[in-house]
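Colleague: Could you take me on a close look at one part of this model? I'd like to follow a single strand pairing and then see what surrounds it.

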Amino acid sequence: MNILHICADPQPMEEAASKQIAASFFAQLVTLNENARITNVDLTLEQPAEYTTAEFRNFWYPQLIDGYVPTREEEAAAHYANEQATILRDTDILVLTMPMWNYSMPAMMKAWLDHILNPGLLYTITDKGNEANHKIKKLVLLVSSHQVFSENDPRDGLSPAIETSFEDIGLSDVSVIWADGQNPKLHVDFEQRKAVAIEAAEELAEEICEDFN
Ligand SMILES: Cc1cc2nc3c(=O)[nH]c(=O)nc-3n(C[C@H](O)[C@H](O)[C@H](O)COP(=O)(O)O)c2cc1C
């Protein structure tokens, strides 16, 4: 079982709820499945560059313009995306860890998604819609936020955007574990909320291991 873990939380582990949830999730996963192979990408240490016109042309023009051949500069601009897609094509489970920032995801996570969700990488655009070119079976989002969010909360610009983007490329099995109410000044039960999320993460790891055994 190959797991790719993308983390976009700059806080140190002892202060980062999302990272603590991730740590418990992975500890349970490796305890229950000795074949779990985890690749960690810390976006705070290796931040993706901004998406450029050259990269856009490299991936989108051949799909949209008959016979378009990218230039060498356009091909070179796709290096990071190609590198990440190579790891993703060998991934069974994708885990994205992040805090909510301004009702959305941190920009570094958005940049990573912009690079990897290009046509010709994990999917191809056909007359009948997108055709998947990956074997990712499950997407897990591990999120933290100061505010409290209800299910389908209209203020949530994080999980629906990510879920829909992956649905578009044929991945609809998504689990979201969210420690909300993490502002200690506003929510006296913030530790309890985190503990509930950690427990849910451990249960999810168990379910995943059962599915993969
Ligand atoms: C730039 C920035 C924007 C934030 N925006 C929001 C927000 O829109 N909603 C929210 O609930 N919390 C927001 N927060 C608070 C973080 O989501 C909160 O600190 C989170 O628990 C941090 O996660 P961590 O403990 O995993 O590091 C924001 C924090 C920062 C630094």
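Modeller: Let's start with strand E6, residues 138-144, which runs parallel to E7 and is joined to it by six bridges. Keep in mind that this is a predicted model. Within this pairing, Ser144 sits opposite Ala179 of E7.

Now step back to the sheet around this pair. It is an open sheet of five strands with parallel pairing, and the order reads E2-E1-E3-E6-E7. At its edges are strand E2 (37-42) and strand E7 (174-179), each of them pairing on one side only. From one strand to the next, the twist averages 15°. As a general reminder, strands of a sheet pair through backbone hydrogen bonds, in either a parallel or an antiparallel sense.

Next, look at what packs on this sheet. Helix H7, residues 190-212, touches strand E3 (93-99) as well as E6 and E7, and the direction of H7 makes about 160° with that of E7. The helix has 23 residues and spans 33 Å from its first C-alpha to its last, close to the 33 Å expected at 1.5 Å a residue. Its buried residues are Ala197, Ile198, Ala201, Leu204, Ala205 and Ile208. That spacing is worth a thought: an α-helix has 3.6 residues a turn, so residues three or four places apart point the same way. The partners of these buried H7 residues are E3, E6 and E7, together with helix H1 (17-32).

Since H1 has come up, pause at Ala27, which lies in that helix. Is Ala27 exposed, partly exposed or buried? Ala27 counts as partly exposed because it has 13 C-beta neighbours inside 10 Å, where 12 or fewer would make a residue exposed and 20 or more would make it buried. Between Ala27 and Lys135 there are 24 Å from C-alpha to C-alpha, and the two are 108 residues apart in sequence.

For a contrast in pairing, turn to strand E4 (residues 123-126) and strand E5 (residues 129-132), which pair in the antiparallel sense over four bridges. They form a hairpin, with two residues between the strands, and Tyr123 stands opposite Ala132 of E5.

Finally, there is the ligand. Around it are 15 residues, of which Ser18, Pro99, Ser145, His146 and Gln147 come nearest. Sorted by class, this shell has six nonpolar, eight polar and one charged residues. If you go back to E6 with that in mind, recall that the strand covers residues 138-144, while Ser145, His146 and Gln147 are among the residues that come nearest to the ligand.

How values were computed
Residues are numbered from 1 along each chain as its sequence is written. This is a predicted model: local features need pLDDT of at least 70, side-chain atom pairs count only at pLDDT 80 or more; totals for chains, interfaces and linings use all residues. A residue is near a molecule or strand if its C-beta atom, placed from the backbone, lies within 6 Å of it. Ala, Val, Leu, Ile, Met, Phe, Trp, Tyr, Cys and Pro count as nonpolar, Asp, Glu, Lys and Arg as charged, and the others, Gly among them, as polar. Two strands pair if DSSP finds at least two bridges between them. Axes are lines fitted to C-alpha atoms, for helices over the stretch in contact, and angles run from 0 to 180 degrees between N-to-C directions. Two residues are in contact if their C-beta atoms, placed from the backbone, lie within 7 Å. The expected span of a helix is 1.5 Å times one less than its number of residues.
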